[in-house]
Amino acid sequence: MTIKSITGEGGATVCVTVCGDGNGEKERFFISKKLWQSGVYSAGDSVTEETYDRLKTTSERTSALREASRAIGYGEKSVRELERKLRGKNLPEDAVKWAIAVLRKNGYIDEDSACARIAESAVSSKHYGRRRVLDYLLSHGYDRQSAESAVNAIPEESCRAALMYNIEHKFPAIAEFDIQDRQKAVASLVRLGFTPSEIMDAVKERTRLS
């Protein structure tokens, strides 16, 4: 095997085209400029098994890092969720692990901070209770310890405000409901992550204020 050409050295990605001896088959390796070893390879060089493996590994790492960066660019991702997404791209496990390690090292992945941001947003914009927030974080692959810490850090007044919002916008007359309708309303609020005791306290407060 021989390196037929090297293109793109002035850009963000270098393309190395390797040609098989005698059969004319070509294989291209796309390598990030940051991972490219300038001056190590030249067109016309013979490709040993070691060189081939190095080019392939570096190309796979480039693809994994590119896909991982693209994924987190669309929103917060847990490590587990990101791993699943990258594996779905048929990327090798070692390349996936390497890309995630690079992103973590450079501060692009921080599960503790991500959990805190998601928890705050879920309460303030989606008006979820703590239990629903915890389930959401766990379902997206976040570590239980990080998820529980984030949920426990949600201010009590924020949770109460979220609950009152749901009552006022979905069940404004809950205090006047008959037993069956009130049970349905409570069940609906429980599904949003609030405990029965939180709900009853909020109903009493709303009744007192009205």
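Helix α1, which spans residues 49–73, lies across strands β2 and β3 and runs at about 55 degrees to β3. The model shown here is predicted, and this crossing of helix and strands is a convenient place to begin.

The strands beneath discussion belong to an open sheet of 3 strands, arranged in the order β1-β2-β3 with antiparallel pairing. Strands β1 (2–7) and β3 (26–32) stand at the edges, and each has a single partner strand, so one side of each is left without a neighbour in the sheet. On average, neighbouring strands of this sheet are turned by 25 degrees against each other, direction ignored. The pairing of β1 with β2 (residues 13–19) is antiparallel and extends over 5 bridges. Within this part of the sheet, Thr2 stands opposite Cys19 in β2.

The charged side chains may be considered next. Side chains of opposite charge can pair when their charged atoms come close. A search of the whole structure finds 10 salt bridges. One of them joins Arg54 to Glu50, with the closest N and O atoms 3.6 Å apart. These two residues are 4 residues apart in helix α1, which means that about one helical turn separates Arg54 from Glu50. Arg54 counts as partly exposed, at 30% relative accessibility, whereas Glu50 counts as exposed, at 58%.

Another salt bridge links Arg117 with Glu76, the closest N and O atoms being 2.6 Å apart. Because Arg117 lies in helix α4 and Glu76 in the loop between α1 and α2 (79–87), the pair ties together parts that are 41 residues apart in sequence. Arg117 is partly exposed at 44% relative accessibility, and Glu76 is partly exposed with a relative accessible area of 35%.

A further salt bridge is formed by Arg87 and Glu93, whose closest N and O atoms are 2.8 Å apart. Arg87 is partly exposed at 35% relative accessibility, and Glu93 is partly exposed at 36%. Salt bridges that share partners join Glu83, Arg87, Glu93 and Lys97 into one network.

Finally, which side chain of opposite charge is nearest to Glu111? The nearest is Arg104, at 5.2 Å. A salt bridge requires a side-chain nitrogen of Lys or Arg within 4 Å of a carboxyl oxygen of Asp or Glu, and Glu111 has no salt bridge although it is buried. Glu111 lies in helix α4 (residues 111–124). Leaving aside neighbours within four places in sequence, Glu111 is in contact with Ser78, Val79, Arg80, Gly141, Tyr142, Asp143 and Ser146.

How values were computed
Residues numbered from 1 in each chain as written. Predicted model: local features only at pLDDT ≥ 70, side-chain atom pairs only at ≥ 80, totals over all residues. Heavy atoms only, no water. Buried < 20%, exposed > 50% of the residue type's maximum accessible area, 1.4 Å probe, protein only. Lys, Arg positive; Asp, Glu negative; His and termini not counted. Contact = heavy atoms within 4.5 Å. Pairing = 2+ DSSP bridges. Axes fitted to C-alpha atoms, helices over the stretch in contact; angles between N-to-C directions.
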